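Work through the following exercises with the sequence and the structure side by side. Try each task before you read its solution.

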Amino acid sequence: MQPIYTFLSQVAEHNDRDWFHAHQPEYKAARTSFARYVQELILRIAAFDSSVAYQTPATCIYRFARDTRFSEDKSPYKRHFGAFVCSHGRKSYRAGYYLHLEPGNSLVAGGSWCPPAPLLKHVREAIVDDTDRFRAIVEDNAFRHLFPVVGEDPVKTLPKGFPRDFPYPQYLRPRLYTIWHPIPDDLVSQSDGQQRLEQMFRTMAPFNRFINEVFDDYDQ
């Protein structure tokens, strides 16, 4: 896996199209290594979450070129490789399992990124209706050790329509129902790296399941 980090470090230093096209062999070798790694992860995740069993690296790995249309940073390429293992593919709002490899900023993550407003409301309603189950998931010792912060981009006050006296407002404020945990860059090269990642994803699985059950009800 070291060629992946070597290539990404070089991209961060030479992020332009001419350099990238001159180093296509290195890019293809790094992407192929990443795809093989993701394939193994899919198999491991499918052992405890069968909903992802039919996903492939092609449906999970994000494109390497950046969309610069609305960004001040016009660098054409990303500085990381990312894969989102989810039952509906990488573009889905459903909760899944994310691996991010970037020199000095590698991590695993889970949950749902930017769910549309109706789905976001339903997740919040499910937390109010089934508070004990949600708390049992996110306040479990093993879960909290890896993922101490639940959700991102919180609203300042409780969303409109929710009880002001709800005793766990921190669980209703997020606009992104995500969790994440940093990992050392060398973890993916270690002999037990896949096993350790699998355990992290197993720990987040009940959180993903809670969110996806809400989405299942909404789709019916």
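**Exercise 1.** In this predicted model, find which residues Leu197 is in contact with, leaving aside its neighbours within four places in sequence.

*Solution.* Begin at Leu197 and pass over the neighbours within four places in sequence; the residues in contact with Leu197 are then Tyr37, Leu41, Leu99, Val108, Ile183, Leu187 and Val188. Next, place Leu197 in its wider setting: together with Phe7 and Phe207, Leu197 is named among the residues with the most contacts inside the largest nonpolar core, which has 61 residues. Helix H8, covering residues 193-219, gives the most to this core, namely ten residues. Finally, notice that another core lies apart from it, with five residues, including Cys86, Tyr98, Leu107 and Ala109.

**Exercise 2.** Determine the order of the strands in the open sheet of four strands, and explain why one side of E1 and of E4 is left without a neighbour in the sheet.

*Solution.* The order of the strands is E1-E2-E3-E4, and the pairing is antiparallel. Strand E1 (81-85) and strand E4 (177-182) stand at the edges and have a single partner strand each, so one side of each is left without a neighbour in the sheet. As for the angle, neighbouring strands of this sheet are turned by 15 degrees against each other on average, when direction is ignored. Looking further in, strand E2 (residues 96-101) and strand E3 (residues 107-112) run antiparallel and are joined by five bridges, and Gly96 stands opposite Gly111 in E3. Helix H3 (residues 24-46) packs on the sheet, where H3 touches E1 and E2, and the direction of H3 makes about 25 degrees with that of E1.

**Exercise 3.** Classify the ring pair of Phe48 and Tyr97 as stacked, tilted or edge-to-face, and say which parts of the chain the pair ties together.

*Solution.* The ring centres of Phe48 and Tyr97 are 6.1 Å apart, and rings count as a pair if their centres lie within 6.5 Å. Their planes stand at 85 degrees, so the pair is edge-to-face, the class that applies over 60 degrees. Phe48 lies in the loop between H3 and helix H4 (57-60), whereas Tyr97 lies in strand E2, so the pair ties together parts that are 49 residues apart in sequence. Both Phe48 and Tyr97 are buried.

**Exercise 4.** For the aromatic pair of Phe166 and Tyr168, decide whether Phe166 is buried or exposed.

*Solution.* This pair is edge-to-face, with 6.0 Å from centre to centre and 80 degrees between the planes. Phe166 has a relative accessible area of 9%, so Phe166 is buried, since buried means under 20%. Tyr168, with a relative accessible area of 23%, is partly exposed.

Methods
Residues are numbered from 1 along each chain as its sequence is written. This is a predicted model: local features need pLDDT of at least 70, side-chain atom pairs count only at pLDDT 80 or more; totals for chains, interfaces and linings use all residues. Side-chain values use heavy atoms; hydrogens and water are left out. A nonpolar core is a set of buried Ala, Val, Leu, Ile, Met, Phe, Trp, Tyr and Cys residues joined through side-chain atoms within 4.5 Å. Buried means under 20% relative accessible area, exposed over 50%, partly exposed in between (1.4 Å probe, protein chains only). Helices (H or I, at least four residues) and strands (E, at least two) are DSSP runs, numbered from the N terminus. Contact means heavy atoms within 4.5 Å. Two strands pair if DSSP finds at least two bridges between them. Axes are lines fitted to C-alpha atoms, for helices over the stretch in contact, and angles run from 0 to 180 degrees between N-to-C directions. Rings of Phe, Tyr and Trp (its six-membered ring) pair if their centres lie within 6.5 Å; planes under 30 degrees apart count as stacked, over 60 as edge-to-face and the rest as tilted.
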